[in-house]
Amino acid sequence: MKYKIPIKFLNLQESGYHIVVTASINESDELILLLDTGASNSVFDIDNVLFALIEKKELISENQASGFNANIESMFVGEIKEIRMHKFIGRIENAIFTSLAHVNNVYAAVEIKPISGIIGGDFLKINNAVI
């Protein structure tokens with residue numbers, strides 16, 4: 001079955017645009033998630049209280065030399081059992097949890113609401129997404 005999920009463009013002033021979707025996780029309130037086709041994994045803000053009840057294990061990786069996780073010390077992995085985007089319902093078995101304060105600080109500087117997570121290529125591939 002195909003679903004059309006509405007996307008929004010955030011104007012980062014002279015830096016360009018970011019694409020976001022709204023979602024709910026485990027029947028929570030509306031979340032703003034960055035859609036990043038270049039991110040290998042979906043990453044969520046560990047500091048967001050909506051993720052507090054998700055059981056997480058520390059992620060130990062030998063390959064943290066580049067990309068998003070290059071300078072991040074604490075990363076955890078857990079399962080998001082239900083994520084809703086418009087009429088689509090899915091799950092993320094190996095969601096990464098870490099602080100997204102560095103991303104949200106940039107957004108705050110240009111007066112954009114904070115994001116709760118980043119939807120990455122893992123989620124897009126598993127769900128056969130077409131953008």
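These legends accompany close-up views of aromatic rings in a predicted model.

**View 1. Phe-51 and Phe-97 meet edge-to-face.** Welcome to one of the five aromatic pairs that a search of the whole structure turns up. The ring centres of Phe-51 and Phe-97 are 5.6 Å apart and their planes stand at 65°, so this pair counts as edge-to-face, a label for planes over 60 degrees apart. Follow the chain and you will find Phe-51 in the loop between β4 (43-45) and β5 (56-58), while Phe-97 belongs to strand β7 (residues 88-98). With these positions 46 residues apart, the pair links distant parts of the chain. Both Phe-51 and Phe-97 are buried.

**View 2. Phe-88 pairs with Phe-123.** Here the ring centres of Phe-88 and Phe-123 lie 6.0 Å apart, and the planes make an angle of 85°, so this pair is edge-to-face. Phe-88 is in strand β7 and Phe-123 is in helix α2 (residues 121-126), so their pairing ties together parts 35 residues apart in sequence. How buried are these two rings' residues? Phe-88 has a relative accessible area of 12% and Phe-123 has 7%; each counts as buried because its value is under 20%.

**View 3. Tyr-3 joins Phe-88 and Phe-123 in a cluster.** Take the pair from the previous view and add Tyr-3: these three residues form one aromatic cluster.

**View 4. Lys-56 sits over the ring of Phe-97.** Back at Phe-97, look for the charged end of Lys-56, which is placed over the ring at 5.2 Å from its centre. Phe-97 is also the edge-to-face partner of Phe-51.

Note on methods
Residues numbered from 1 in each chain as written. Predicted model: local features only at pLDDT ≥ 70, side-chain atom pairs only at ≥ 80, totals over all residues. Heavy atoms only, no water. Phe/Tyr/Trp six-rings, centres within 6.5 Å; stacked < 30°, edge-to-face > 60°. Helix = DSSP H or I, 4+ residues; strand = E, 2+ residues; numbered from the N terminus. Buried < 20%, exposed > 50% of the residue type's maximum accessible area, 1.4 Å probe, protein only. Lys NZ or Arg CZ within 6 Å of the ring centre and 35° of its normal.
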